[in-house]
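Please look over the sequence and the model that follow, and keep both at hand while reading. The paragraphs below go from one residue to its surroundings, and then outward to the protein as a whole.

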Amino acid sequence: MKEFFETYIQHQEDIEYFLQESIKNIGSLSNHKKNDFKQLYKLFPSLELVYIINKDTKIQTSSNFYRYKNDDNARNKDRSHLISKLHFKESNIAFSKPYISSATRNTCVTVTIKEDDEIFFLDFQIDILLQKLNLVELNKPFHSVTKGFYIVAGFSMMVLSIITILFSLYDFTFYLFSKNELSLEMIFKPIIALTLSIAIFDLAKTILEQEVFFKSYSKNSKVETKILTKFLTTIIIALSIEALIVVFKIAINDYDQMINAFYLIAGIALILISLTIFINFSSKRYKQNSVEVN
């Protein structure tokens with residue numbers, strides 16, 4: 001939703017020009033009242049609501065004309081608060097700022113046109129409008145399929161992470177009450193399992209947030225960097241704990257194998273250095289893109 005607002009603001013001048021010229025080309029809006037503006041809905045896929053207000057009384061004189069229904073409850077309501085926010089241009093057309101419609105619950109922008117003693121309000125749904133102008137990529141059938149896949153995958157990962165936590169706790173508890181000698185390895189194993197469960201759960205949560213509940217239709221490098229950083233950080237912690245266990249085991253049982261522990265620690269250090277370089281370059285690139293946009 002946020003990115004729709006940002007994209008609209010970036011291209012606001014071009015979008016307003018497109019809407020203004022398109023509305024001019026269809027002629028007088030009064031001619032479309034007799035068929036409840038059905039022709040307008042055929043011409044504008046992004047149009048979602050039309051209503052009329054008297055210029056002098058500020059009272060809504062028409063029903064709310066939606067694409068597939070009409071609502072008479074809005075008739076005769078005082079709309080002076082809407083009129084006071086309008087700033088008409090020389091062409092008798094005014095544009096609102098992007099907002100969330102209380103009538104449709106969609107992100108929209110309102111185009112207002114003066115004709116004689118009437119003011120026409122046309123609400124355009126921003127996501128569809130941006131799609132038609134090729135400013136965002138939005139394919140609803142494909143999105144429905146991918147959304148279903150991400151729902152199954154995301155919740156499955158959450159369930160598996162919970163099962164991993166429960167199994168590790170069960171295994172540790174069973175070991176404690178089986179009268180076996182408590183070892184350092186048995187203490188650290190549940191910690192590693194819990195750390196990996198956190199990484200899996202966090203990845204699943206991020207997937208559901210970005211692809212299901214708050215769907216993103218454009219690539220956001222900052223978000224992708226954050227996801228990768230959080231996941232790799234958790235993996236590095238788990239590997240570091242494992243390396244610590246290996247060092248203790250080798251130091252106690254076979255000191256000659258210490259070089260293998262060194263290789264493991266060196267590998268972790270290499271991953272950490274690579275992640276640091278990646279974050280540094282990503283941060284510089286994001287700042288550069290922000291400067292170019294501004």
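**A buried glutamate and its surroundings**

In this predicted model, Glu 48 is buried and yet takes part in no salt bridge, since the nearest side chain of opposite charge, that of Arg 67, is 8.1 Å away. A salt bridge is counted here when a side-chain nitrogen of Lys or Arg comes within 4 Å of a carboxyl oxygen of Asp or Glu, so the 8.1 Å to Arg 67 does not qualify. The residue belongs to strand 1, which covers residues 47–54. What does join the side chain of Glu 48 to that of Asn 106 is a polar contact of 3.1 Å. When residues up to four places away in sequence are set aside, the residues that Glu 48 touches include Tyr 41, Phe 65, Tyr 66 and Arg 67, as well as Ser 101, Thr 104, Cys 108, Asp 123 and Gln 125.

Side chains of opposite charge can pair when their charged atoms come close. How many salt bridges does a search of the whole structure find? The search finds four, and three of the pairs can be followed here one after another.

The side chains of Lys 24 and Glu 21 form a salt bridge with an N to O distance of 3.9 Å. Both residues lie in helix 2 (residues 12–25), where they are three residues apart, or about one turn of the helix. Lys 24 is partly exposed, because its relative accessible area is 44%, and Glu 21 is likewise partly exposed, with a relative accessible area of 26%.

Another salt bridge, at 3.2 Å from N to O, joins the side chains of Lys 33 and Glu 118. Lys 33 is in the loop between helix 2 and helix 3 (38–43), whereas Glu 118 is in strand 7 (residues 118–125), so this pair ties together parts that are 85 residues apart in sequence. Lys 33 counts as partly exposed because its relative accessibility is 31%, while Glu 118, at 17%, counts as buried.

The side chains of Arg 75 and Asp 72 also meet in a salt bridge, here with an N to O distance of 4.0 Å. Arg 75 has a relative accessibility of 36% and therefore counts as partly exposed, whereas Asp 72 is exposed, its relative accessible area being 52%.

Two leucines can be taken next. Is Leu 160 buried or exposed? With a relative accessibility of 51%, Leu 160 counts as exposed, and this residue lies in helix 6 (residues 140–176). Together with Val 159 and Ile 163, Leu 160 makes a nonpolar surface patch of about 270 Å². Leu 208, by contrast, is buried, with a relative accessible area of 3%, and its place is in helix 7 (residues 184–213). The C-alpha atom of Leu 208 is separated by 8.9 Å from that of Lys 147, although these two residues are 61 residues apart along the chain.

Finally, the protein can be viewed as a whole. Its secondary structure comes to nine helices and seven strands, and buried residues make up 34% of its 294 residues. Among contacts with a separation of 6 or more, 56% are between residues 24 or more positions apart. The protein exposes about 18500 Å², and carbon and sulfur atoms supply 60% of that area.

Notes: Residues numbered from 1 in each chain as written. Predicted model: local features only at pLDDT ≥ 70, side-chain atom pairs only at ≥ 80, totals over all residues. Heavy atoms only, no water. Patch = residues over 30% accessible without salt bridge, like charges linked within 9 Å, V, L, I, M, F, W, Y side chains within 5 Å. Areas by Shrake-Rupley, 256 points an atom, 1.4 Å probe, with all protein chains shown as cover. Helix = DSSP H or I, 4+ residues; strand = E, 2+ residues; numbered from the N terminus. Buried < 20%, exposed > 50% of the residue type's maximum accessible area, 1.4 Å probe, protein only. Lys, Arg positive; Asp, Glu negative; His and termini not counted. Polar contact = N/O pair within 3.5 Å; in protein donor to acceptor, adjacent residues only side chain to side chain. Contact = heavy atoms within 4.5 Å.
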